[in-house]
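User: Please walk me through this model and hold each label against its cut-off. I will keep asking why.

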Amino acid sequence: MAETEFDVIVIGAGPGGYVAAIRAAQLGLKTACVESRETLGGTCLNVGCIPSKALLHASELFEEANHGTLAKWGVKTSGVELDLDAMQGGRKEAVKGLTGGIEFLFKKNKVIWLKGHAKFTAKDAIDVAGTAYKAKHFVIATGSSVTPLPGVEVDQKAIVDSTGALELVKVPGHLVVIGGGVIGLELGSVWRRLGARVTVVEFLDQLLPGMDGEVRKEAAKIFKKQGFEIRLGTKVTRAEKKGKGVTLTVEPAKGGDAETIECDTVLVSIGRRPNTEGLDLDKAGIQLNKYGQIEVDHEFRTKVVGIHAIGDVTPGPMLAHKAEDEGIAVAEILAGQIGIVNHEVIPSVVYTMPEIAGVGLTEEDAKAAGHEVRTGKFPMMANSRAKTNREPDGFVKVIADAKSDRVLGVWMIASVAGTMIAQAAQAMEFGATSEDIAYTCHAHPTHSEALKEAAMAVTGKPIHV
Ligand code: FAD
Ligand code: NAI
């Protein structure tokens with residue numbers, strides 16, 4: 001095979017693409033991965049999951065020291081100071097270590113990194129930096145980018161998107177977050193903990209669309225208690241830069257009188273859209289759906305034979321672990337094996353404090369799908385470990401089918417919900433009933449006992465409430 005010919009060429013080295021490339025190479029396929037960024041790892045490792053979690057962790061430590069949480073446990077601190085440069089240094093180090101790690105894995109697995117922007121020239125050929133490459137199979141894993149908001153132009157100084165919000169060199173006096181979704185609440189939490197006043201402007205009448213209704217309501221209460229100012233049912237119509245600050249014009253989403261909000265930084269986080277521009281998909285014969293996504297079947301095949309697509313560029317939740325699992329599955333399929341992703345069981349986590357997590361159907365979706373449901377709820381306040389740790393906020397909710405008792409969804413707010421949700425996902429993957437979870441012995445004292453008790457509550461038999 002010529003040097004410019006491959007069994008598989010993956011376009012994009014985010015969690016979907018780099019994982020697909022590594023697995024394809026492990027399975028003996030001659031594999032290349034095209035990436036136009038300077039470093040591998042895509043949105044997630046460079047400007048998404050990893051840097052945001054580094055700042056969430058560091059800001060949480062700062063808040064614990066600065067606001068007396070540690071002192072309540074007898075750990076007295078005085079003169080707590082923020083060294084934002086050092087904190088940002090920690091973020092950069094985390095990103096450098098992990099992106100470098102992918103480069104090492106590419107070399108180890110003999111994945112060729114084609115540096116540059118890929119565009120199709122035919123259905124079996126692409127151009128990267130002036131060189132033509134051919135492959136038997138292509139996997140499009142080009143990910144997503146920030147959705148712009150008309151009238152609010154991002155300059156990455158006073159008006160930032162998530163990338164700019166990760167790189168601020170000064171704590172804003174007043175940060176306005178447009179969009180009360182995952183990015184707004186995670187990055188809003190970072191800057192609130194470090195001292196900013198934070199206002200969240202959300203178009204809908206609740207935060208966190210897509211999550212269970214009770215979780216959304218409780219989350220709003222908790223965030224307000226933490227000091228967030230939350231303006232629900234409100235839209236931003238204009239942003240005007242004045243000196244170093246910004247004047248935002250807002251009005252009720254359903255129409256009404258406009259008013260202004262003064263602030264020094266604005267974060268635009270109203271969602272993300274698939275990256276397909278400049279790929280010349282028309283030359284490959286691929287059309288986009290009305291959301292700009294590439295449609296695929298359950299084996300990640302597009303309508304064009306030989307071209308597959310995975311991750312954020314395809315329909316479904318825009319999550320790194322969904323992209324990764326699809327990466328593994330598509331590579332296994334291309335190598336002639338069976339590759340499966342159960343899209344009914346993809347957990348999602350918001351890494352605020354407390355964390356918010358869910359898997360499967362919300363109660364609203366379960367009812368809309370025609371299920372008669374039985375739910376069980378257990379408050380973290382009654383969980384011995386959470387109470388001992390003084391982490392009383394939140395609850396676990398199990399949604400089961402009333403006839404079969406099969407678990408349809410699990411939703412929770414708890415300090416370690418992101419870790420606890422894995423158990424719920426695994427139980428659902430194995431087709432568990434609420435009784436299966438209720439009769440599984442859970443170690444004491446752990447936060448996970450709240451899941452067991454919520455499962456016991458489905459049949460009205462929790463012990464500790
Ligand atoms: P991406 O990671 O977007 O990677 C696509 C890559 O393709 C990019 O590197 C891009 O440069 C490259 N590319 C695009 N077009 C071309 C081309 N034509 N030629 C060559 N290269 C190209 N998800 C979670 O699950 N957990 C989290 O905690 C989390 N936190 C997040 C925090 C933030 C601030 C953001 C913005 C996102 C977060 N996400 C999180 C979402 C997660 O980052 C994405 O779901 C995930 O990165 C999608 O993976 P992907 O492989 O589909 O695409
Ligand atoms: P999002 O879809 O989570 O939230 C966007 C919010 O903006 C929604 O609540 C929406 O109603 C609101 N909105 C839309 N237009 C608006 C307007 N004009 N004015 C006010 N509000 C408006 O999108 P977000 O937060 O930008 O994140 C993008 C994606 O990145 C998420 O969908 C998620 O998949 C991924 N992500 C995942 C994380 C995680 O897993 N922990 C962390 C961060 C991002």
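Analyst: Start with Arg231 and Glu259, which form a salt bridge with their closest N and O atoms 2.6 Å apart. Strand β11 holds Arg231 and strand β14 (residues 259–263) holds Glu259, so the pair ties together parts that are 28 residues apart in sequence. This is a predicted model: local features need pLDDT of at least 70 and side-chain atom pairs pLDDT 80 or more, while totals for chains, interfaces and linings use all residues. Residues are numbered from 1 along each chain as its sequence is written, chains are lettered from A and ligands numbered from 1 in the order written, and side-chain values use heavy atoms, without hydrogens and water.

User: Why is the contact between Arg231 and Glu259 called a salt bridge?

Analyst: The term requires a side-chain nitrogen of Lys or Arg within 4 Å of a carboxyl oxygen of Asp or Glu. Here the closest N and O atoms of Arg231 and Glu259 are 2.6 Å apart. The pair qualifies. By this rule the count comes to 23 salt bridges.

User: What makes Arg231 and Glu259 count as buried, partly exposed or exposed?

Analyst: Buried means under 20% relative accessible area and exposed over 50%, with partly exposed in between (1.4 Å probe, protein chains only). Arg231 has 26%, so partly exposed is the label. Glu259 has 40% and gets the label partly exposed too.

User: Why does the pair of Lys377 and Glu214 tie together separate parts of the chain?

Analyst: Their closest N and O atoms are 2.7 Å apart, in a salt bridge. Lys377 sits in strand β20 (residues 373–379) and Glu214 in helix α8 (residues 213–225), so the pair ties together parts 163 residues apart in sequence. Helices (H or I, at least four residues) and strands (E, at least two) are DSSP runs, numbered from the N terminus. Lys377 has 38% relative accessibility and Glu214 has 30%, so both are partly exposed. The two residues also belong to a salt-bridge network with Asp212, Glu363, Lys367 and Lys397.

User: What makes Glu372 and Lys403 a salt bridge, and why do their exposure labels differ?

Analyst: Their N to O distance is 3.8 Å, inside the salt-bridge limit. Glu372 lies in the loop between α11 (363–368) and β20, and Lys403 in the loop between β21 (395–401) and β22 (407–414), 31 residues apart. Glu372 is at 48%, so this residue stays partly exposed. Lys403 is at 73%, so this residue is exposed.

User: Why are β8 and β11 called edge strands?

Analyst: The open sheet has five strands in the order β8-β15-β9-β10-β11, with parallel pairing. β8 (159–160) and β11 (229–231) each have a single partner strand, so one side of each lacks a neighbour in the sheet.

User: How do you know that β9 and β15 pair?

Analyst: Two strands pair if DSSP finds at least two bridges between them. β9 (residues 174–178) and β15 (residues 265–268) have four bridges, in the parallel sense. The criterion is met. Leu175 stands opposite Thr265 in β15.

User: What makes the contact of Glu35 with ligand 1 a polar contact?

Analyst: A polar contact is a pair of N or O atoms within 3.5 Å. An N or O atom in the Glu35 side chain is 2.7 Å from an oxygen atom of ligand 1. That pair passes. The His117 side chain also passes, at 3.4 Å from a nitrogen atom of the ligand. So does His321, at 3.3 Å from an oxygen atom of ligand 1. The protein covers 93% of the 1000 Å² of accessible area that ligand 1 has on its own (Shrake-Rupley method, 1.4 Å probe).

User: Which helix gives the most to the shell around ligand 1?

Analyst: α2 does, with four residues.

User: What makes the contacts of Val182, Ile183 and Met318 with ligand 2 polar contacts?

Analyst: Each involves a backbone atom and an oxygen atom of ligand 2. The distances are 3.2 Å for Val182, 2.9 Å for Ile183 and 2.6 Å for Met318. Each falls within the polar-contact limit. Taken alone, ligand 2 exposes 840 Å², and the protein buries 79% of that. Helix α7 (residues 182–193) gives the most to its shell, with three residues.

Definitions and conventions: Polar contact = N/O pair within 3.5 Å; in protein donor to acceptor, adjacent residues only side chain to side chain.
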